[in-house]
Amino acid sequence: MRLLPAGDRALLVELGSLEQTLAVFQALRQHMPGGVEEVVPAARTLLVRYQPSRVSSARLAAEVHRLVGLSGEAAAFVVAAPSDRLVEIPVRYDGEDLEAVAELLGLSRAEVIERHVGTEFQAAFAGFAPGFVYLAGGDPCFHGVPRRPSPRTRVPAGSVAMAGDFSAVYPSESPGGWQLLGVTPCRMWDLARTEPALVQPGFRVRFRDLARGDIVVSLPGAEATAAAAQVAPHVAALAADRLEVVAAGLRTLVQDLGRRGQAGQGVSSSGALDHGALRAANRIVGNPVNAAVLENLLGGLALRCRGRAVVAVTGAAADVEIVTAAGRRLPVRTWRPLALNDGETLRIGAAHAGVRCYVAVRGGWGVEPVLGSHATDTLSGIGPAPVRVGDVLGVGSALAPSALGAVLPDIEPPAPAPRAGDTVTLDVVLGPRADWFIPDALTLLAAQAWTVTPQSDRVGMRLAGAQPLARRIMGELPSEGAVVGSIQVPASGQPVLFLADHPLTGGYPVIGALASHELDRAAQIPVGAHVYFRPIGPFEEIQP
């Protein structure tokens, strides 16, 4: 076992096998150390996110060693008992690749089906989409079945598939390269259910053949009305105080501090990219710091008040004005409370430094949460719908009066945000896969300027450098959890800096991760700016 740094608020537990990983995952769930926020299981690793104010990395490493029975003289490994949660999934075995899989294995179609339904699987870890869970176990003959030579551009929702050592069910239509055996009528992901993911890590799974007349299996979620992943449109015509969207800019999203504790369902935290700007906007108007705000990309947002409202604009530098009902234009300052009367319009001009503006309103935005959060995840589509022209947002009544504090006169803004062409230096914690790269690549990571490209978004900041980062280990990395701020290096050698909407797991090595104090600054780095990474220490395994 190895314990590797994944930024300054997480460690990656590298284990010898999937079976060992699942056992340690079960042990951690049953005996969660204090200060641990979430554990993300993967093929041979566990990503453990923790609060440094409550537990140090060394103390956490010692606790992990104790749990897996590898500290001191205890070298035996005990596999955890299987979960008592069994999910039965009915399947119509008519997949496009069933014949090819049978030929590959030297079996008949009927024998493939018989072996697939004849053994039990265990849900190992969640994958690239909400509700997509890797299922381990099954008949040993299926282990090592290769992916298709070229992936399909469209795999139907409910497709039952296998590849490598795993089976899975595609929860929604998406591209995919796994071998298709059939399809299930079950909804693997349905927000109408209390637990949207039908299968979660640790569950036991058994497939059933619908062609057998004596098989009667309930279809979880099939009776539920399909629920859209996003709540739309925003209409609050009956609210006493409301704001009408006159212009939405390039993109305006509802965000809060993120959706925690949903990794077991394949859902990442998401949330505002610049937490400091969100908290400041809420403090100015007297809201709790974690209240939802509007996150606006590069300005261009205009909101007309019906009734009264107190708002604050923080984040990127932009010219802001209030247009009165009579048409008079009044320039106003950001990072301070702004009172809007009936008929007045708040207008945010184009951002001239930074990337994202944040708008808070006293009493909160009248938007329904999804999975307990107002965060909008652009990768998975989970969360409130993007704000559009014509939307009407209720304001002032989303938060209880007892939750509101005093309005602050203003807040001193942080250092000016960067502009295109500026150079920004960001502190980095090397690892967890720094040893997958040649020594010169670690030197190059810090010595070379990386330019932010136009392909950047909330999922990740795509960077381009004069020289790519060369790997020492060229093999395939099994998927493993990643934190926000991870610097993932694909085959091109040009890094991607993961932002809030990054996938829960990734299959490319992560050379380092931003120190947590740099995340807000990274959120405001525009396209065309240049980034230098500054390692704050050598790459070292974490010792208990």
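The legends below describe several close-up views of a predicted model.

**View 1. Helix α4 and the residues that it buries.**
In helix α4, which spans residues 109-118, the side chains to look for are Val 112, Ile 113, His 116 and Val 117, which are buried. They cover an arc of only 120 degrees around the axis, and therefore they lie on the same side of α4. Several elements help to cover these buried residues, including helix α3 (98-105) and the strands β6 (121-126), β9 (159-163), β10 (166-169), β12 (179-183) and β13 (204-209).

**View 2. Helix α3, with a buried side and an exposed side.**
The buried residues of α3 are Leu 98, Val 101 and Ala 102, and because the arc that they cover around the axis is only 100 degrees, they share the same side of the helix. On the other side of α3, by contrast, Glu 103 and Leu 104 are exposed. The cover over the buried residues of α3 includes α4, β9 and β12. After α3 comes Gly 106, a residue whose phi is positive, near 70 degrees.

**View 3. Gln 179 in strand β12 and its surroundings.**
Gln 179 lies in strand β12, one of the elements that help to cover the buried residues of α3. Gln 179 has a relative accessibility of 10%, so this residue counts as buried. A polar atom of the Gln 179 side chain lies 3.0 Å from the backbone oxygen of Pro 146. Leaving aside residues up to four places away in sequence, Gln 179 touches a set of residues that includes Asp 97, Val 101, Val 145, Pro 146 and Arg 147, and also Val 160, Ala 161 and Met 162. Among these contacts of Gln 179 is Val 101, which is also one of the buried residues of α3.

**View 4. Strand β2 between two partner strands.**
Strand β2 (residues 10-14) is largely enclosed by the rest of the structure, because 5 of its 5 residues are buried. In a regular strand the side chains alternate between the two faces of the sheet. In β2, Ala 10, Leu 12 and Glu 14 point one way while Leu 11 and Val 13 point the other way, and all are buried. Strand β1 (residues 2-5) runs antiparallel to β2 and is joined to it by 4 bridges, with Leu 4 standing opposite Leu 12. These two strands, β1 and β2, form a hairpin with 4 residues between them, and in the turn Gly 7 has a positive phi of about 80 degrees. Strand β4 (residues 45-50) also pairs with β2 in the antiparallel sense, over 5 bridges, and here the bridge partner of Glu 14 is Thr 45.

**View 5. Strand β25, with one parallel and one antiparallel partner.**
Strand β25 (residues 423-430) is mostly covered, since 6 of its 8 residues are buried. Strand β33 (residues 530-535) runs parallel to β25, and the two are joined by 6 bridges; one position to look for is Asp 427, whose bridge partner in β33 is Arg 534. Strand β32 (residues 510-514), in turn, pairs with β25 in the antiparallel sense over 3 bridges, and in β32 the bridge partner of Val 429 is Ala 513.

**View 6. Ser 268, a buried loop residue.**
Ser 268 is found in the loop between strand β16 (252-255) and helix α5 (275-285), and its relative accessible area is 8%, so Ser 268 is buried. The side chains of Ser 268 and Asp 377 are joined by a polar contact of 3.3 Å. When residues up to four places away in sequence are not counted, Ser 268 touches Arg 259, Asp 377, Ala 500, His 502 and Leu 504.

**View 7. Cys 305 and Cys 357, two cysteines without a disulfide.**
A disulfide is a covalent bond between the sulfur atoms of two cysteines. A search of the whole structure finds 0 disulfides. For Cys 305, the nearest cysteine sulfur is that of Cys 357, 19 Å away, whereas a disulfide would need the two sulfur atoms to be within 2.5 Å. Cys 357 is likewise in no disulfide, and its nearest cysteine sulfur is that of Cys 305. Cys 305 is buried, with a relative accessible area of 0%, and Cys 357 also counts as buried, at 1% relative accessibility.

Key:
Residues are numbered from 1 along each chain as its sequence is written. Side-chain values use heavy atoms; hydrogens and water are left out. Buried means under 20% relative accessible area, exposed over 50%, partly exposed in between (1.4 Å probe, protein chains only). The arc is that of the directions from the helix axis to the C-beta atoms. Contact means heavy atoms within 4.5 Å. A polar contact is a pair of N or O atoms within 3.5 Å; within protein, one must be able to donate a hydrogen and the other to accept it, and residues adjacent in sequence count only if both atoms are side-chain atoms. Two strands pair if DSSP finds at least two bridges between them.
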